[in-house]
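Thank you for making time this morning. I would like to walk you through a structure that is new to most of this group, so please bring it up on your screens and follow along as I go.

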Amino acid sequence: MPDGFTELHVRLLKRGRTKIRYPAAELFDDGTHLAVRAAWAAPGVRDFGFVRFEPGDVFTEHYRRDRWYAVKEVRAGTGELKGWYCDIARPAVREGAEVVVEDLDLDLWVSADGQTVLRLDEDEFAASGLCERDPEAAREAERALDTLEHLVREGGPAALAHMLRGPL
């Protein structure tokens with residue numbers, strides 16, 4: 001944990017169960033927008049074809065209490081920007097030193113140069129049953145994905161980066 005930062009834990013839920021929990025350094029929290037920095041928390045390398053997440057990668061994660069997404073800036077251990085991984089999720093909840101986020105299966109990947117913008121896991125979202133179980137949440141999730149994709153396609157990755165600025 002870097003000096004001067006508060007340690008939090010991020011707990012990612014998927015269909016009501018904890019998928020992963022990992023330590024993170026709180027960068028700021030203004031009551032609506034919470035940013036943390038964390039190392040790649042999963043074991044080993046995860047190669048998606050369009051990007052590899054691996055030990056040493058650093059994620060600056062932006063959680064919102066008023067929006068249905070979390071945006072994660074991904075950098076290699078060398079500092080090189082890989083891109084942004086956008087999780088479509090219910091608005092984040094902070095419970096003491098824990099940030100709880102419920103993943104809704106949809107994701108958006110934006111490469112560092114903005115040339116690759118990929119909608120991910122739409123099949124997983126369709127199979128999740130959320131549309132039947134909670135149609136309002138499903139609509140919010142689809143709207144969030146559309147909004148982020150439109151933002152990036154219209155303004156490039158700079159629009160996404162600008163949106164994430166906080167009091168750092």
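**A strand and its neighbours**

Let me begin with strand β8, which spans residues 81-89: eight of its nine residues are buried, so β8 is largely enclosed by the rest of the structure. Before going further I should say that this is a predicted model, and please keep that in mind throughout.

What lies beside β8? On the one hand there is strand β7, residues 69-75, which runs antiparallel to β8 and is joined to it by seven bridges. If you would like one pair to find on your screen, take Tyr 69, whose bridge partner in β8 is Ile 88. On the other hand there is strand β10, residues 98-111, which also runs antiparallel to β8, with six bridges joining the two. Here the pair to look for is Tyr 85 with its bridge partner in β10, Trp 109.

Now please move to the connection between β7 and β8. These strands form a hairpin with five residues between them, and within that hairpin Gly 79 takes a positive phi near 100 degrees. Ala 76 also lies in the loop between β7 and β8. Is Ala 76 buried or exposed? With a relative accessible area of 14%, Ala 76 is buried, because the cut-off for that word is under 20%. The C-alpha atom of Ala 76 is separated by 6.3 Å from that of Val 58, although the two residues are 18 apart along the chain.

**Cysteines**

Let me turn to the cysteines. A disulfide is a covalent bond between the sulfur atoms of two cysteines. How many disulfides does the structure hold? The count is zero. Two cysteines are still worth finding: Cys 86 is buried, at a relative accessible area of 1%, whereas Cys 131 counts as partly exposed, at 33% relative accessibility.

**Charged pairs**

Next come the salt bridges. Side chains of opposite charge can pair when their charged atoms come close. Searching the whole structure gives 23 salt bridges, and I will show you a few of them.

Arg 64 pairs with Asp 66, and the closest N and O atoms of that salt bridge are 3.0 Å apart. The two partners sit in unlike surroundings, since Arg 64 is buried with a relative accessible area of 13%, while Asp 66 counts as partly exposed at 44% relative accessibility.

A second salt bridge joins Glu 73 to Arg 75, where the closest N and O atoms are 3.1 Å apart. Of that pair, Arg 75 is partly exposed, having a relative accessible area of 30%.

For a helical case, look at Arg 153 and Glu 149, whose side chains meet in a salt bridge of 2.9 Å, N to O. Because they are four residues apart in helix α3, residues 135-164, about one helical turn separates them. Glu 149 is buried, with a relative accessible area of 15%.

Salt bridges can also be followed through several residues here, and a network of them links Asp 47, Arg 52, Glu 54, Asp 57 and Lys 82.

**Enclosed and open space**

I will finish with the empty spaces. The structure holds one cavity of 30 Å³ or more, and the largest cavity has a volume of about 50 Å³. Which residues line the largest cavity? They are Arg 15, Glu 102, Asp 103, Leu 104, Asp 105, Ser 128, Leu 130 and Arg 133. Strand β10 gives the most to this lining, with four residues, and both β10 and α2, residues 130-133, supply at least two residues each. By class, the lining of the largest cavity divides into two nonpolar residues, one polar and five charged.

The largest pocket, by comparison, contains about 490 Å³ of space. Its lining is made up of 24 residues, and those nearest the centre of the pocket are Leu 12, Lys 19, Trp 40, Arg 46 and Tyr 85. At least two lining residues come from each of β1 (6-14), β2 (17-29), β6 (58-64), β8 and β10. The lining of the largest pocket has 13 nonpolar and 11 charged residues, and no polar ones.

That brings us back to the strand we started from, because β8, which is largely enclosed by the rest of the structure, also supplies at least two residues of the lining of the largest pocket. Thank you for listening.

Notes:
Residues are numbered from 1 along each chain as its sequence is written. This is a predicted model: local features need pLDDT of at least 70, side-chain atom pairs count only at pLDDT 80 or more; totals for chains, interfaces and linings use all residues. Side-chain values use heavy atoms; hydrogens and water are left out. Buried means under 20% relative accessible area, exposed over 50%, partly exposed in between (1.4 Å probe, protein chains only). Two strands pair if DSSP finds at least two bridges between them. A disulfide is a pair of cysteine sulfur atoms within 2.5 Å. A salt bridge is a side-chain nitrogen of Lys or Arg within 4 Å of a carboxyl oxygen of Asp or Glu. On a 1 Å grid over the protein atoms alone, a cavity is a set of points where a 1.4 Å probe fits but cannot get out, and a pocket is an open set with protein on both sides within 12 Å along at least five of seven lines; lining residues have an atom within 4 Å of a point. Grid points are joined across faces, edges and corners, and a volume is the space filled by probe spheres set on the points. Ala, Val, Leu, Ile, Met, Phe, Trp, Tyr, Cys and Pro count as nonpolar, Asp, Glu, Lys and Arg as charged, and the others, Gly among them, as polar.
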